[in-house]
Amino acid sequence: MVEYLRRRTEDFMAVATPGAGKTTFALRLAAELLVDGTVEAVTVVAPTEHLKTQWATAAARVGIQLDSAFRNADIHSSSDFHGAVVTYAQVGMAPHVHRRRTMTRRTMVILDEIHHAGDSRSWGDGVRAAFEPAVRRLMLTGTPFRSDDNPIPFVTYERGDGGLQRSRSDSVYGYSDALRDGVVRPVIFLAYSGETRWRTSAGDELAARLGEPMTQDLVAQAWRTALDPAGDWMPQVLRAADARLQVLRAGGMSDAGGLVIASDQQAARSYAKLIERVTGEKAVVVLSDDAGASARIATFAASTDRWMVAVRMVSEGVDIPRLAVGVYATSASTPLYFAQAIGRFVRARRPGETATVFLPSVPHLLGLASEMEAERDHILGKAKRDEEDLLVERAQRTEDASGELEKRFEALSATAELDQVIFDGASFGTGAQAGTPEEEEYLGLPGLLTADQVSLLLNKRQAEQLAAQRRSRADAPAQTVPAQPAGPRTAGEKRIALRRQLNALVNAHHHRSGLPHGKIHAELRRLCGGPPSAQATIEQLEERIATVQTL
């Protein structure tokens, strides 16, 4: 805010992690500019209809009256209001209406989640045409990047390495900053693997273990099979997620709520039925095209109900601070969507609250979970999508698949087991079957912990798990079969052992240097290359182990 008031420039872009208080910041500035006469009116542009109501309510609390019911046909707002809240789609349909309103009074425009202005060319052109005459434009976003080359209106781009244009922000407050200040919760990711079986269009039955190295097509099909409501993977994960929710409620977050993010409406309704079967309580279902969706979100936010199931309605900007457990049951996994979805769980209300997100053990998702603290910009002209982006596109296409396509794929079965725990860029645990004491050890982590306490406890849990495995092997009766060579026998076991060794070395370096675990892992990736440790190869893990020993 000090930086904004010092500059007093027409355009200002503030990038802040979800939960950091962008709405409060924007409304405080609007109040300042209204009082000192810099502006006479305020227009807020939001991505969705639900957020229009949310903005108007927040503004009213600080004495700014915004018309959330304004329609393009109204031409002007009533004199009862300081301005209006509209959507990007609304502006794109009639930019001349909003340009006229902007020119009538000196106007401050707040562009919430400004990256949405690039969703379509007409939206971007409309926003530029409508608000070019504004006295002040404040751009807000928690995710200042897009997966395409559509330029974002009023955002400054600077040419950098390789001649590529990169978006420039005037103020940045990232997740790592907010975590350090206690503004957001630490997020613990529980990644679940398991055996999946499906039938192809040719009638062949295929089986694969979720999370194991395989072709991108097989990853997408195994992922889709795991999310099938008729299989065992989802019921087992939902049962674990509800157990985690109960621990949080008993441990200091008595109103903690859970959210399942589904790929489509049919899956959402099926997951709601599963939740009722598993927990004995009905889940609130929120579908974006339902007339009462906004009211249901508001009712859930103010209640103590345990579970909500949604498709995209709760993916961005919706404020339900009590959400503390999430199940990422969708194939939508661009960095933008993932960041927005996880942002629903990070808003802190009191010191020590943690969030837990359950997700499929898919390499692409594991990478995104490991890079929670990464700061990204919007880059124009970058190389087109790589192989993983194509996987994402194929997986997302199944959401709107035709009946003919659906017949070519048949999910047969899927089971779930805890594969690893991801926190602060590091991977913990050696795997655990669903419903076992080993899994319960991780599900039972206290709900009120600082980020450092989470790391300490996860290291302790992992050490106890390994010690128990060693005792079990030592107590086993002698076998008459030939002795097996010592050490891990499969690639999966070897990766687990190497991840464990790397985490121990990083933890030791953390205590020597005081650097956060995430920064140490990031430095190893910079020096050695490759993805986060959760999805690194055996060779990459071995190289990082050798490197951290020299730091």
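**Figure 1. Strand β2 and its enclosure in the predicted model.** In this predicted model, six of the six residues of β2 are buried, so the strand is largely enclosed by the rest of the structure. The covering extends to both faces, with Ala 41, Thr 43 and Val 45 buried on one side and Val 42, Val 44 and Ala 46 buried on the other. In a regular strand the side chains alternate between the two faces of the sheet.

**Figure 2. The strands that pair with β2.** Strand β2 runs parallel to strand β5 (residues 107–111), to which five bridges join it, and Ala 41 has Thr 107 as its bridge partner in β5. Strand β2 also pairs in the parallel sense with strand β4 (residues 83–87), again over five bridges, and here the bridge partner of Val 45 is Val 86.

**Figure 3. The loop that precedes β2.** The loop between α2 (22–35) and β2 (41–46) contains Gly 37, which is partly exposed, with a relative accessible area of 31%. Although Gly 37 and Arg 106 are 69 residues apart in sequence, their C-alpha atoms are 9.1 Å apart in space. A salt bridge forms between Arg 8 and Asp 36, whose closest N and O atoms are 3.2 Å apart. Because Arg 8 belongs to the loop between α1 (2–7) and β1 (11–16) while Asp 36 belongs to the loop between α2 and β2, this pair ties together parts that are 28 residues apart in sequence. Both partners are partly exposed, Arg 8 with a relative accessible area of 32% and Asp 36 at 42% relative accessibility.

**Figure 4. Arg 209 and its two acidic partners, Glu 195 and Glu 417.** Side chains of opposite charge can pair when their charged atoms come close. The side chain of Arg 209 meets that of Glu 195 in a salt bridge, with an N to O distance of 3.2 Å. Since Arg 209 lies in strand β11 (residues 205–210) and Glu 195 in strand β10 (residues 187–199), the pair ties together parts that are 14 residues apart in sequence. Arg 209 also forms a salt bridge with Glu 417, and for this pair the closest N and O atoms are 2.6 Å apart. Glu 417 lies in strand β19 (residues 417–423), so its pairing with Arg 209 of strand β11 ties together parts that are 208 residues apart in sequence. As for accessibility, Arg 209 is partly exposed at 24% and Glu 195 is partly exposed at 40%, whereas Glu 417 counts as buried at 13% relative accessibility.

**Figure 5. A salt-bridge network that includes Glu 3 and Asp 170.** Glu 3, Arg 6, Arg 7 and Asp 170 are joined into one network by salt bridges that share partners. In the model as a whole, the count of salt bridges comes to 23.

**Figure 6. An aromatic cluster around Tyr 328 and Tyr 337.** The count of aromatic pairs in the model comes to five. One of them is formed by Tyr 328 and Tyr 337, whose rings meet edge-to-face, with 6.5 Å from centre to centre and 65° between the planes. The angle of 65° lies on the edge-to-face side of the cut-off because that class takes planes over 60 degrees apart. Both tyrosines are buried, Tyr 328 with a relative accessible area of 2% and Tyr 337 at 6% relative accessibility. Ring pairs link these two residues with Phe 189 and Phe 338 into a cluster.

**Figure 7. Two arginines placed over phenylalanine rings.** The charged end of Arg 128 sits over the ring of Phe 154, at 5.4 Å from the ring centre. Arg 322 likewise lies over the face of Phe 300, here at 4.3 Å from the centre of the ring.

**Figure 8. The nonpolar cores.** The largest nonpolar core has 91 residues, and those with the most contacts inside it are Tyr 192, Trp 233, Tyr 271, Val 327 and Phe 358. Helix α9 (residues 233–250) contributes the largest share of this core, with eight residues. A second core, separate from the largest one, has 25 residues, among them Phe 25, Ala 26, Leu 29 and Val 39.

Note on methods: Residues numbered from 1 in each chain as written. Predicted model: local features only at pLDDT ≥ 70, side-chain atom pairs only at ≥ 80, totals over all residues. Heavy atoms only, no water. Phe/Tyr/Trp six-rings, centres within 6.5 Å; stacked < 30°, edge-to-face > 60°. Buried < 20%, exposed > 50% of the residue type's maximum accessible area, 1.4 Å probe, protein only. Lys NZ or Arg CZ within 6 Å of the ring centre and 35° of its normal. Helix = DSSP H or I, 4+ residues; strand = E, 2+ residues; numbered from the N terminus. Pairing = 2+ DSSP bridges. Core = buried A, V, L, I, M, F, W, Y, C linked by side-chain atoms within 4.5 Å. Salt bridge = Lys/Arg side-chain N within 4 Å of Asp/Glu carboxyl O.
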